[in-house]
Amino acid sequence: MKGIPMAMVDIKGVKKRYDGGFEALKGVDLSIQEGEILALLGPNGAGKTTLISIICGIALPSEGSITVGGHDTITDYRAARSLIGLVPQEINLEPFERVINAVNFSRGLFGMPQDPAKTEKILRQLSLWDKRNNQIKELSGGMKRRVLIAKALAHEPRVLFLDEPTAGVDVELRREMWDTVAELKADGVTIILTTHYIEEAEAMADRVGVINRGQILLVEDKDVLMSRMGQKALRIDLVTPVDTIPEALADFNLTRSQDGQSLTYLYDTNAERSGIGSLMSALSGAGLMVRDVQTHQNSLEDIFVGLVAEQEGDAA
């Protein structure tokens, strides 16, 4: 019988306070399983980069503990850090270095012997092999970001942090990177992704975490989250616009468009009854003629925006 999967990254009660009293992280608890992809979503200043920096040993927590592969990131720093690859937001590369040398240098930093076959595999995986002898200054912004990923993978880490990896990358390159991430996951690499592209989380993640104001608001299986919190919107286009919603329709909590040409009805996809049949009867009874109806399923972006807005409202 298989045991409980090991938490590759285990974060307990992590806080980060700065000298001025600002608290960037307010007691983060998070467990990330081996081989999963976790998308960490949050607005600017939410604490995403601070959390990654602490896990990677770039910054120290004010309170709490973190283990990576069972190794404490403070008391057993070297063992923990050797398991981690980090792709930062900022492109900070030596402009005159050749691509292949930059990747080999990163491998050597972790005390690993040179492995030309491994380096070639990484560069081919990221469509960089043809550019291996180019100086980095000759590359486009998207290609430079690929070099960052190659450097992060050079020492064969088991945990990969991607901090806004496709920022400034065109759609084609972005989708190719998604394919690369899928290959890494298939190899058992644990991946933590921060992104502003909600479609990126929807396309790749197994679980989604939402962070704001230094607090984790939610961590949920992506599909369960969409199912549990998702709503559908029914847009009803009218033959004749209305100035106000008739009193007879007040119980349905309809929203009127600015031009009065359509009404929107929200309903829970998990509810036993949607109420659409009753609504249609009520529309007819109110003398409104329907020209067309369309449904829209809540996206992950809708859910994310709602969660953050709710927290902002509570804090006000």
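Is Asn253 buried or exposed? In this predicted model, Asn253 has a relative accessibility of 66%, so Asn253 counts as exposed. The cut-off for that class is over 50%. Asn253 sits in the loop between strand E11 (231-238) and strand E12 (255-256). Its backbone also deserves a look. Most residues other than glycine have a negative phi. Asn253 is not a glycine, yet its phi is positive, at about 50°.

Now step back to the whole chain. The protein chain has 316 residues, and 42% of them count as buried. It holds 10 helices and 14 strands. Along its principal axes, the C-alpha trace spans about 80 × 50 × 45 Å. Many contacts link distant parts of the sequence. Take the contacts between residues at least 6 apart in sequence: 70% of these join residues at least 24 apart.

Next, look inside. The largest nonpolar core has 46 residues. Leu123, Leu160 and Ile191 have the most contacts inside this core. Helix H5 (residues 141-153) gives the most to it, with 7 residues. A second, separate core has 25 residues, among them Val14, Ile32, Ala80 and Ile84.

Leu160 is a good place to pause. Leaving out residues up to four places away in sequence, Leu160 touches Gly85, Leu86 and Val87, among others. Its partners also include Ala152 and Leu153. Further along the sequence, Leu160 meets Leu184 and the run Val189, Thr190, Ile191 and Ile192.

The helices come next. Two packed helices are described by the angle between their axes and the distance between the axes. Start with helix H3 (residues 99-109) and helix H4 (residues 116-125). Their axes come within 11 Å and cross at roughly 120°. That angle makes H3 oblique to H4. The crossing of H3 and H4 is right-handed. On the H3 side, the contact uses Val99, Ile100, Val103, Asn104 and Arg107. On the H4 side, Lys118, Thr119 and Leu123 take part. By class, the residues of this contact of H3 with H4 are 4 nonpolar, 2 polar and 2 charged. Leu123 has appeared before, as one of the residues with the most contacts inside the largest core.

H3 also packs against H5. Here the angle is about 30° and the axes are 7 Å apart. H3 and H5 are therefore roughly parallel to each other. The cut-off for that term is under 35 degrees. The crossing of H3 and H5 is right-handed. H3 brings Val99, Ala102, Val103 and Ser106 to the contact, while H5 brings Val147, Ala150 and Lys151. The residues of the contact of H3 with H5 divide into 5 nonpolar, 1 polar and 1 charged.

H5 has another partner, helix H6 (residues 171-186). These two pack at an angle of about 10°, with axes 11 Å apart. That makes H5 roughly parallel to H6. From H5, the contact takes Gly142, Arg145, Arg146, Ile149 and Leu153. From H6, Leu173, Glu176, Met177 and Leu184 join in. The contact of H5 with H6 has 5 nonpolar, 1 polar and 3 charged residues.

Which residues does Arg146 touch, not counting those up to four places away in sequence? Arg146 is part of helix H5. It touches Leu126, Ser127 and Leu128, and also Leu173, Glu176 and Met177. Leu173, Glu176 and Met177 belong to H6. Arg146 has a relative accessibility of 3%, so Arg146 counts as buried.

Ser127, a partner of Arg146, lies in the loop between H4 and H5. At 40% relative accessibility, Ser127 counts as partly exposed. Ser127 is not a glycine, but its phi is positive, at about 55°.

Last comes Tyr265, in strand E13 (residues 262-268). Its relative accessibility is 9%, so Tyr265 counts as buried. Tyr265 and Lys232 are 33 residues apart in sequence, and their C-alpha atoms are 8.4 Å apart in space. The two residues touch. Leaving out residues up to four places away in sequence, Tyr265 also touches Ala233, Leu234, Phe252 and Leu254. Beyond the strand, its partners include Ser274, Gly275, Ile276 and Leu279.

Technical notes
Residues numbered from 1 in each chain as written. Predicted model: local features only at pLDDT ≥ 70, side-chain atom pairs only at ≥ 80, totals over all residues. Heavy atoms only, no water. Axes fitted to C-alpha atoms, helices over the stretch in contact; angles between N-to-C directions. Helix = DSSP H or I, 4+ residues; strand = E, 2+ residues; numbered from the N terminus. Parallel < 35°, antiparallel > 145°, perpendicular 65-115°, else oblique. Left-handed = near helix turned anticlockwise from the far one by under 90°. Contact = heavy atoms within 4.5 Å. Nonpolar A, V, L, I, M, F, W, Y, C, P; charged D, E, K, R; others polar. Core = buried A, V, L, I, M, F, W, Y, C linked by side-chain atoms within 4.5 Å. Buried < 20%, exposed > 50% of the residue type's maximum accessible area, 1.4 Å probe, protein only.
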